[in-house]
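User: Could you walk me through this one slowly? I'd like a close look at one spot, and then how the parts around it are put together.

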Amino acid sequence: MRSLKNVLVTGGAGFIGCNFIRFLLEKTPDFTGRIVNLDALTYAGNAASLADIDSRFGGRRYFFEHGDICDRALVESLFVKYGIDTVVHFAAESHVDRSILGPEAFVKTNVVGTFTLLDAARAAWKEDSGGGFRQDVLFHHIGTDEVYGSLGEAGFFTESTPYDPRSPYSASKAAGDHLVMAYGHTYGLPVTMTNCSNNYGPCQFPEKLIPLMILNMLEGKPLPVYGDGKNIRDWLFVEDHNSAVWTVMRKSASGERYNIGGENEWENIRLLEFLIGVVSEQAGLDIEKVRSSITYVKDRLGHDRRYAVDCSKIKRELCWKRSVDFAEGLSKTVAWYLANTQWVDSIRSGEYQRWVEKNYGERR
Ligand code: NAD
Ligand code: DAU
């Protein structure tokens with residue numbers, strides 16, 4: 001098992017990254033190392049998500065570095081400054097709708113940024129003699145199931161499903177994945193990769209379906225459903241994603257990749273109806289009134305119909321399993337948004353309002 005001492009987390013101020021840092025520092029006693037969080041604090045990054053972690057662990061086991069993963073000189077300096085032996089690469093432009101309206105940032109961060117990190121790791125971890133790498137290092141890449149394209153009514157994505165990305169987001173993520181596997185194959189850089197289905201949980205930016213709907217319900221706003229509402233996603237609680245990532249980082253052989261999923265498929269409209277029940281109960285809203293806010297709007301361009309992940313490999317080989325069922329996870333998520341109004345207010349800046357107008361204004 002790898003020990004992983006000085007871990008560079010990229011994108012640790014975003015949704016999954018901040019939950020990963022919290023998971024390692026609060027819930028993983030066998031991790032005793034240090035975490036360096038490199039994040040550019042784009043609209044999706046929020047240092048407040050880890051304010052309590054910073055005050056408890058800052059300067060000892062947690063370090064925040066504000067910067068861009070495309071900045072080679074900065075990335076190289078962090079490898080030296082902290083003696084980095086592990087990279088967990090979450091940083092990305094992550095929202096499909098934004099990639100449709102502005103793809104350039106996706107190519108920069110998801111392709112050039114991933115390349116920059118890989119190449120800096122290659123230089124930093126090279127053995128002094130021979131062409132090999134230190135034995136105690138690992139580059140773990142966070143991938144998405146969207147690289148596999150869209151399923152029809154049957155079938156699942158396995159690790160050998162051919163890539164078929166169909167949005168600028170998934171195409172840029174696919175390019176990053178290929179670079180990671182190529183650095184493993186060509187140079188022998190110790191790499192692992194996971195491709196996960198849709199996550200939900202605390203601290204998710206409210207441009208994504210679940211937090212957007214929760215907040216719109218609380219504010220009595222329309223609940224915008226794209227197309228016919230019958231697109232299907234496979235949902236997983238964020239902490240279960242992170243426990244899977246940690247399992248792979250510790251136990252997997254180099255060069256391996258694993259799918260992670262919730263085995264929990266929902267049509268968007270059915271999910272929304274379920275969520276309306278949870279929010280109405282916790283917030284004391286009139287459920288019929290909330291239901292009447294469902295509004296079908298113009299579809300997402302190129303909208304993938306169905307994602308469903310076969311995660312039998314990680315279950316079988318590494319003994320990972322989910323621990324949070326959907327009803328429990330949704331209930332925890334809604335409770336978190338109700339309890340953290342300050343966090344919600346802090347991210348709904350002018351930029352967020354402009355995004356809402358740009359994305360939904362065009363769908364009326
Ligand atoms: P997010 O958008 O919430 O957070 C992304 C973070 O990366 C932000 O903190 C942002 O500031 C930072 N960032 C963006 N560009 C950067 C740059 N150039 N340099 C440094 N930092 C930068 O994303 P998320 O939902 O937490 O997703 C994290 C990773 O997981 C992504 O790689 C995404 O593709 C993948 N993923 C997400 C999901 C999901 O359902 N959210 C599912 C599967 C895989
Ligand atoms: O599958 C993993 C992917 O899941 C990740 O790689 C992405 O980073 C993450 O954003 C997510 O992508 P989706 O496009 O599936 O997530 P999103 O929350 O944007 O949308 C989920 C579904 O809900 C999708 O079918 C579109 C639909 N939708 C979304 C929004 C924001 C609506 O119907 N209305 C909306 O307002």
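Analyst: Let's begin with Leu 41, which sits in the loop that links strand β2 (34-39) to helix α2 (51-57). Keep in mind that this is a predicted model. What is odd about the backbone of Leu 41? Its phi is positive, about 50°, even though the residue is not a glycine. Most residues other than glycine have a negative phi, so that's a detail to pause on. Is Leu 41 buried, exposed or in between? With a relative accessibility of 29%, Leu 41 counts as partly exposed, because that class covers values from 20% to 50%.

There's another residue to set beside it. Cys 203 isn't a glycine either, and its phi is positive too, at about 70°. You'll find Cys 203 in the loop between β7 and α7. Its relative accessibility is 10%, so Cys 203 counts as buried.

Now back to the strand that leads into the Leu 41 loop. β2 belongs to an open sheet of seven strands, in the order β3-β2-β1-β4-β5-β6-β10, with parallel pairing. Strands β3 (62-66) and β10 (257-260) form the edges, each pairing on one side only. On average, neighbouring strands here are turned by 20° against each other, ignoring direction.

Let's zoom in on the β10 edge. Strand β6 (residues 191-196) pairs with β10 in the parallel sense, over four bridges. One link you can look for is Cys 196, whose bridge partner in β10 is Ile 260. Helices pack on this sheet as well. Helix α5 (residues 104-125) touches β1 (6-10), β4 (86-89) and β5 (138-144), and its direction makes about 165° with that of β5. Helix α8 packs on the sheet too, touching β4, β5, β6 and β10, with its direction at about 145° to that of β5.

Helix α8 (residues 238-251) also takes us to another sheet: it lies across β7 and β9, running at about 75° to β9. Which strands make up that sheet, and in what order? It is an open sheet of three strands, β7-β9-β11, with mixed pairing. The edges are β7 (198-200) and β11 (265-267), each pairing on one side only. The twist from one strand to the next averages 50°.

You can see where the word "mixed" comes from by taking the pairs one at a time. β7 and β9 pair in the parallel sense over three bridges, and there Asn 198 stands opposite Trp 235 in β9. Strand β9 (residues 232-237) and β11, on the other hand, pair in the antiparallel sense over three bridges. In that pair, the bridge partner of Arg 233 is Trp 266 in β11.

Why is β9 described as largely enclosed by the rest of the structure? Because six of its six residues are buried. In a regular strand the side chains alternate between the two faces of the sheet. Both faces of β9 are covered: Ile 232, Asp 234 and Leu 236 are buried on one side, and Arg 233, Trp 235 and Phe 237 on the other.

Finally, follow the Cys 203 loop onward into α7. Eight of the 10 residues of α7 are buried, so this helix is largely enclosed by the rest of the structure. Among those buried residues are Pro 211, Leu 212, Leu 215 and Asn 216. What comes after α7? The helix is followed by Gly 220, with a positive phi near 70°.

As for its packing, α7 (residues 209-218) meets helix α9 (residues 268-283) at an angle of about 45°, with the axes 10 Å apart. That angle is why α7 is called oblique to α9. The crossing of the two helices is right-handed. On the α7 side, the contact is made by Leu 209, Ile 210, Met 213, Ile 214, Met 217 and Leu 218. On the α9 side you'll find Asn 268, Leu 271, Leu 272, Leu 275, Ile 276, Val 279 and Ala 283. Sorted by class, this contact has 12 nonpolar residues, one polar and no charged ones.

Technical notes: Residues are numbered from 1 along each chain as its sequence is written. Chains are lettered from A and ligands numbered from 1 in the order in which they are written. This is a predicted model: local features need pLDDT of at least 70, side-chain atom pairs count only at pLDDT 80 or more; totals for chains, interfaces and linings use all residues. Side-chain values use heavy atoms; hydrogens and water are left out. Axes are lines fitted to C-alpha atoms, for helices over the stretch in contact, and angles run from 0 to 180 degrees between N-to-C directions. Angles under 35 degrees count as roughly parallel, over 145 as roughly antiparallel, 65 to 115 as roughly perpendicular and the rest as oblique. A crossing is left-handed if the near helix is turned anticlockwise from the far one by less than a right angle, and right-handed if clockwise. Contact means heavy atoms within 4.5 Å. Ala, Val, Leu, Ile, Met, Phe, Trp, Tyr, Cys and Pro count as nonpolar, Asp, Glu, Lys and Arg as charged, and the others, Gly among them, as polar. Two strands pair if DSSP finds at least two bridges between them. Buried means under 20% relative accessible area, exposed over 50%, partly exposed in between (1.4 Å probe, protein chains only).
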